[in-house]
Amino acid sequence: VEVDLMDDRGEVGDRTGRVVWPCSSNLSSYLTQPSVLSTFPPSHTVLEICSGSAALPSQFLSLLTSAQVTASETPETLSALIKNLRLNSTSLSINCVSYSVGKDVDASLPKYDTVIGCECVYDSINLNVLASSCKRLTKKRVMIAGSSQCRLSAGSWDSVVEAFREEGFEHYETVTLDADGEYICHIYNLL
């Protein structure tokens, strides 16, 4: 599937929430595989955390499935997210909400079947807060994608796995998202 994205930087500028990370493209390609798409039935609910201004995985899921998709971003980037989703398609049905991992701990968001996030593991995010937020927000599974060269200065993907295990995500798998092995996705399942 080939997609051309339109982007209006507007008042947000070039902050990280305004960047379409390569990982988002790689996760989106992974999500288009028939065996993966089949895990998103019509009644399935999806929340993309840290979606940035493009919410690329959300756009693909909304386009290719009947799942109920919600994209979330910080209050500072939310208006750009809404504007860019409107620029890219008027036919997509994606809800947008303001949500900051670790800051909106008491947000009144429902539980979703799947929570996805791209490049949301970095030094300023507390991994335990990320894992507990994901557990609070999901009924079934979490898909966290990022560079195989984890962006943690004092840790690795093992640190991420441990944080999610501490929250009850005992079963996970790692999927390579690109031919070079540069991007991976951890899929954590609650049982």
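This is a dialogue about one predicted model and the terms used to describe it.

Trainee: What should I know before reading the values?

Mentor: Residues are numbered from 1 along each chain as its sequence is written, and side-chain values use heavy atoms, with hydrogens and water left out. As the model is predicted, local features need pLDDT of at least 70 and side-chain atom pairs count only at pLDDT 80 or more, while totals for chains, interfaces and linings use all residues.

Trainee: How many helices and strands are in the chain?

Mentor: The chain has 6 helices and 7 strands. Both are DSSP runs numbered from the N terminus: helices are H or I, at least four residues, and strands are E, at least two. Along the sequence the pattern reads α-α-β-α-β-α-β-β-α-β-α-β-β.

Trainee: How do you know how far helix 4 should reach?

Mentor: The expected span is 1.5 Å times one less than the number of residues. Helix 4, residues 75–88, has 14 residues, and 20 Å is expected. From first C-alpha to last it reaches 21 Å, close to that value.

Trainee: Which residues of helix 4 are buried?

Mentor: They are T77, L78, A80, L81, N84, L85 and N88. Buried means under 20% relative accessible area, exposed over 50%, and partly exposed in between (1.4 Å probe, protein chains only). The cover over these buried residues includes helix 3 (56–64), strand 2 (68–73) and strand 3 (94–98). Across the 191 residues of the chain, 49% count as buried.

Trainee: Why is C120 not counted as bonded to C50?

Mentor: A disulfide is a pair of cysteine sulfur atoms within 2.5 Å. The sulfur of C120 is 4.8 Å from that of C50, its closest cysteine sulfur, so the two are too far apart for a bond. C134 is in no disulfide either; its nearest cysteine sulfur, that of C120, is 6.6 Å away. The structure holds 0 disulfides.

Trainee: What makes C120 buried or exposed?

Mentor: Its relative accessible area is 0%, so C120 is buried. C134, at 1%, is buried too. C50 has 24% relative accessibility, so C50 counts as partly exposed.

Trainee: What is notable about the phi of C50?

Mentor: Most residues other than glycine have a negative phi. C50 is not a glycine, yet its phi is positive, about 50°. C50 sits in the loop between strand 1 (45–49) and helix 3. E119 also has a positive phi of about 50° and is not a glycine. Its place is the loop between strand 4 (112–118) and helix 5. At 9% relative accessible area, E119 is buried.

Trainee: Why is helix 5 called oblique to helix 6?

Mentor: Helix 5 (residues 127–137) and helix 6 (residues 157–166) pack at about 45°, with axes 8 Å apart. That angle makes helix 5 oblique to helix 6. Under 35 degrees counts as roughly parallel, over 145 as roughly antiparallel, 65 to 115 as roughly perpendicular, and the rest as oblique.

Trainee: Which residues make the contact between helix 5 and helix 6?

Mentor: Contact means heavy atoms within 4.5 Å. Helix 5 gives L127, N128, L130, A131 and C134, and helix 6 gives S159, V160, A163, F164 and E166.

Trainee: What makes K140 partly exposed?

Mentor: Its relative accessibility is 44%, so K140 counts as partly exposed. K140 is in strand 5 (residues 138–147). Leaving aside neighbours within four places in sequence, K140 contacts Y112, D113, Y188, N189 and L190. K140 and Y112 are 28 residues apart in sequence but 7.8 Å apart in space, C-alpha to C-alpha.

Terms used: Axes fitted to C-alpha atoms, helices over the stretch in contact; angles between N-to-C directions.
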